[in-house]
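Please open the model in your viewer and keep the sequence beside it. The tour below proceeds selection by selection, and each stop says what to look for there.

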Amino acid sequence: MGDHDISKVEELLYTMKVEDVMAGDTIVVDPELSMAEVKQLMDTKQITGVPVVRGDRMVGIVSISDVIGALEKGQLLRPVKEHMTTDVKSVTRDTSVIELIKNLGRRGFGRLPVLNGEGKVIGIVTTGTLLRSLLTQMEMSYQKKEQEKLQRYRASHIFEDISSDDTSVVLRYIVDDRDFTNAGKASTMIKKSLQRLGAQPPLVRRVAVAVYEAEMNLVIHTDVGGEILVTIRRDRLQVSTVDHGPGIENLDQVLQPGYSTAPEWIRQMGFGAGMGLANIKRCSDVMRLMSEPGAGTRLDILFLFGPGGLSGAAGLPKKS
Ligand SMILES: Nc1ncnc2c1ncn2[C@@H]1O[C@H](COP(=O)(O)OP(=O)(O)OP(=O)(O)O)[C@@H](O)[C@H]1O
Ligand SMILES: [Mg+2]
């Protein structure tokens, strides 16, 4: 096991709870049962300890060593209540596994009953149930990782196979004006697509920020919304937003950081700092803003991948 696997186990210990590692349908015994009957139960069920329950409440725990003790004293026909351990540590279903392990390790606590708020036994944890659950979880996260690796591999091959510049993947999203409920959805979807295609996280972040700002501008500043087009080529990613009005009078002016025409009610919502276009410029390699007043606006944002392609050098943070 490499370092990575060890930290995965640690992560699991800290995130899993007793309910994830306990055995659900627990065998319990009545305090009036004889020790001989308990012995037989342990034999047939292949267990070494059982919670003792009166009514709905746990009153103790009886283990194989209590059975041996009774046997040695010739008291196998005496009731469980005379041989059980009454000083029992228990846990609840949301006790963390790391806490559980501290207690399980202690002498005499080979198993811990899980109690609900009313003191009723709802499960039991042993080193066995703990180990089995941990292995299952490890197996699951291992399989997930393998699957992700495969996906990344496939994706990077798609791009290796793209040899000519005119091959490209195009994604298209419609954005409605004033639709604040769905605002941000396109950038989230584009982000996910890039992740699926195997893009490096730093590139994904740059694209996500730029596209979010561009998408918000469609929501906030257009009359009838617009669309976002994403073209992915072997060496570049281009995001274009296109709308049909109202257009921009003075391009130089709107490119000044801090300039905004957002009305008061938009500013109330936290937008309109006049930083969107500046942010897009900062995140991208090339930004082009074109507009015709009365006709519409087009914004092209370009991300160049460099030598490693989509999953390579483009992921490196940009020098400012
Ligand atoms: N698609 C568009 N159509 C018309 N005007 C636009 C469009 N996109 C941007 N603008 C104009 O450019 C200005 C500056 O845009 P920018 O994104 O930098 O700032 P903002 O949207 O006003 O505020 P912020 O982005 O910080 O919330 C806007 O206030 C608006 O006047
Ligand atoms: Mg903006």
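Begin by selecting helix H8, residues 201–221, which is mostly covered, 15 of its 21 residues being buried; a residue is buried if 20 or more other C-beta atoms, placed from the backbone, lie within 10 Å of its own. Helices here are DSSP runs of H or I with at least four residues, strands are runs of E with at least two, and both are numbered from the N terminus. The end C-alpha atoms of H8 are 30 Å apart, which agrees with the 30 Å that its 21 residues should span at 1.5 Å a residue, the expected span being 1.5 Å times one less than the number of residues.

This is a predicted model, in which local features need pLDDT of at least 70 and side-chain atom pairs count only at pLDDT 80 or more, whereas totals for chains, interfaces and linings use all residues. Residues are numbered from 1 along each chain as its sequence is written, while chains are lettered from A and ligands numbered from 1 in the order in which they are written.

Within H8, pick out Ala210, which is buried, with 26 other C-beta atoms within 10 Å. Leaving aside neighbours within four places in sequence, Ala210 is in contact with Val239, Ile280, Cys283, Ser284 and Ile301, where contact requires C-beta atoms, placed from the backbone, to lie within 7 Å. A distance drawn from Ala210 to Lys281, C-alpha to C-alpha, should read 7.9 Å, although the two are 71 residues apart in sequence.

Next, show the open sheet of five strands on which H8 packs. The strand order is S5-S6-S7-S9-S8, with antiparallel pairing, and two strands pair if DSSP finds at least two bridges between them. At the edges lie S5 (169–175) and S8 (286–292), each of which pairs on one side only. Neighbouring strands of this sheet are turned by 10° against each other on average, direction ignored. Helix H8 touches S5, S6 (226–232), S7 and S9, and the direction of H8 makes about 10° with that of S7; such axes are lines fitted to C-alpha atoms, for helices over the stretch in contact, and angles run from 0 to 180 degrees between N-to-C directions.

Now narrow the view to S7 (residues 236–243) and S9 (residues 296–304), which pair in the antiparallel sense over eight bridges; Ser240 has Asp300 of S9 as its bridge partner. Moving across to S8, seven bridges join this strand to S9, and Val286 is partnered by Leu302. In the hairpin of S8 and S9, which has three residues between the strands, Gly294 takes a positive phi near 85°.

For another hairpin, select S1 (residues 49–54), five of whose six residues are buried. Strands S1 and S2 (residues 57–63) pair in the antiparallel sense over six bridges, with Arg57 in S2 as the bridge partner of Arg54. Two residues lie between these strands, and Gly55 takes a positive phi near 65°.

Finally, centre on ligand 1. Which residues come nearest? Of the 23 residues around this ligand, they are Val254, Ser260, Thr261, Gly276 and Leu277, a residue being near if its C-beta atom, placed from the backbone, lies within 6 Å. Helix H8 returns here, giving the most to the shell with five residues, and H11 (276–283) also supplies at least two.

Note on methods
Two residues are in contact if their C-beta atoms, placed from the backbone, lie within 7 Å. A residue is buried if 20 or more other C-beta atoms lie within 10 Å of its own, exposed if 12 or fewer, and partly exposed in between; C-beta atoms are placed from the backbone.
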